[in-house]
Amino acid sequence: MKKIGFIGVGVIGKFMVSNLLKNGFEVSIYARNKSKVEETIKEGAIFCESIKECVQNKDAIITIVGYPKDVEELYFSQDGIINSASQNSYLIDMTTTTPTLSVKIHEVAKKKNLKALDAPVSGGDVGAKNATLSIMVGGEQDDFEACKKLFEAMGKTIVYAGGSGSGQHTKMANQIAIAGVMAGVSEAIAYGKKMGLDIPTMLASISNGSAQSFHLTNNAPKMYKREFDPGFYIKHMVKDLKIASEEMPNLEVLKDVLHMYETLERNGDGDLGTQAICKYYE
């Protein structure tokens, strides 16, 4: 497996392409705006003028785009992936989308002699840059094994979650866990400020104890310094938590944190990083 088509060269996708190139894969990319992917082209990616050109005669096609509607259009439009990919290609959607849509892609692809996997990721831009993403994969296990070298070029924790849609369900569990932790970190900072604590000292005190977490170590300092550049967008967290809430609507912490992020998005903060949840408490 050498020739890869890649669609979705964004905040996370650009680093994934870079790591694929470093591992010897030939990567063709498609983007609506070529100027936004010039850096990736300079690294050695081959730019294609259309989706069809990007996905034909490829061993695998990887997609990581924004919303379920984007995935639906990308895969099922007349000149989309399903109708353009060569037979026996692997279709790997790494977007966080609805489990139902992943199952649909899998079933339709199978009828066209294509092999589909849902493989959402966790780790943000830092994980993508360092090739330490957690990748949770749903689909046929034989297809997972065939694509494992691809996944290993982009991530560190590579897990087969089960049948089609299982990768997406696992990602929903991941997002629910993150949402609760992010809200907790924000509340800890709000509490510390209210009580007159020195916040860097407070964070240093609790970061290596029982409260230790990735977000306490990496995102809490950003919250304190008001550094809101996105490793993962608020608008995309809203999308993910809505999907999770639709799958299981009676989870209380999920509902609360979804409300917080929706409030920030309504206030025009959707393009900030998820660490900006601290603004909800201001």
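**Exercise 1. Find out how many cavities of 30 Å³ or more this predicted model holds, and describe the largest.**

Solution.
Step 1: Search the whole structure. The count is 1 cavity of 30 Å³ or more.
Step 2: Give its volume. The largest cavity has about 50 Å³.
Step 3: List the lining. Leu91, Asp93, Ser102, Ile105, His106, Ala116, Leu117, Asp118 and Ser164 line the largest cavity.
Step 4: Sort the lining by class. The result is 4 nonpolar, 3 polar and 2 charged residues.
Step 5: Match the lining to elements. At least two lining residues come from each of strand 5, helix 6 (99-111) and strand 6 (115-118).

**Exercise 2. Identify which members of the largest nonpolar core touch the most other members, and which elements build this core.**

Solution.
Step 1: Take the core of 35 residues. Phe6, Met16, Ile92, Met94, Ile135 and Phe151 touch the most other members.
Step 2: Name the elements that give two or more residues. They are strands 1 (3-7), 2 (26-30), 4 (60-63), 5 (90-93) and 8 (133-138), with helices 1 (13-22) and 9 (148-154).
Step 3: Look for another core. One lies apart, with 29 residues, including Val185, Met260, Ile277 and Cys278.

**Exercise 3. Work out what Ile135 contacts, leaving aside neighbours within four places in sequence.**

Solution.
Step 1: Set those neighbours aside.
Step 2: Read off the rest. Ile135 is in contact with Met94, Ala119, Pro120, Val121, Phe151, Met154, Gly155, Thr157, Ile158 and Val159.

**Exercise 4. Compare the span of helix 10 with the expected one.**

Solution.
Step 1: Helix 10 covers residues 166-194, which is 29 residues.
Step 2: At 1.5 Å a residue, 42 Å is expected.
Step 3: First C-alpha to last, helix 10 reaches 42 Å, close to expectation.
Step 4: Look past the end. Gly196 follows helix 10, with a positive phi near 75 degrees.

Conventions
Residues numbered from 1 in each chain as written. Predicted model: local features only at pLDDT ≥ 70, side-chain atom pairs only at ≥ 80, totals over all residues. Heavy atoms only, no water. Core = buried A, V, L, I, M, F, W, Y, C linked by side-chain atoms within 4.5 Å. Buried < 20%, exposed > 50% of the residue type's maximum accessible area, 1.4 Å probe, protein only. Helix = DSSP H or I, 4+ residues; strand = E, 2+ residues; numbered from the N terminus. Contact = heavy atoms within 4.5 Å. 1 Å grid on protein atoms, 1.4 Å probe; cavity = no way out; pocket = protein on both sides within 12 Å on 5 of 7 lines; lining within 4 Å. Points joined across faces, edges and corners; volume = space filled by probe spheres on them. Nonpolar A, V, L, I, M, F, W, Y, C, P; charged D, E, K, R; others polar. Expected span 1.5 Å × (residues − 1).
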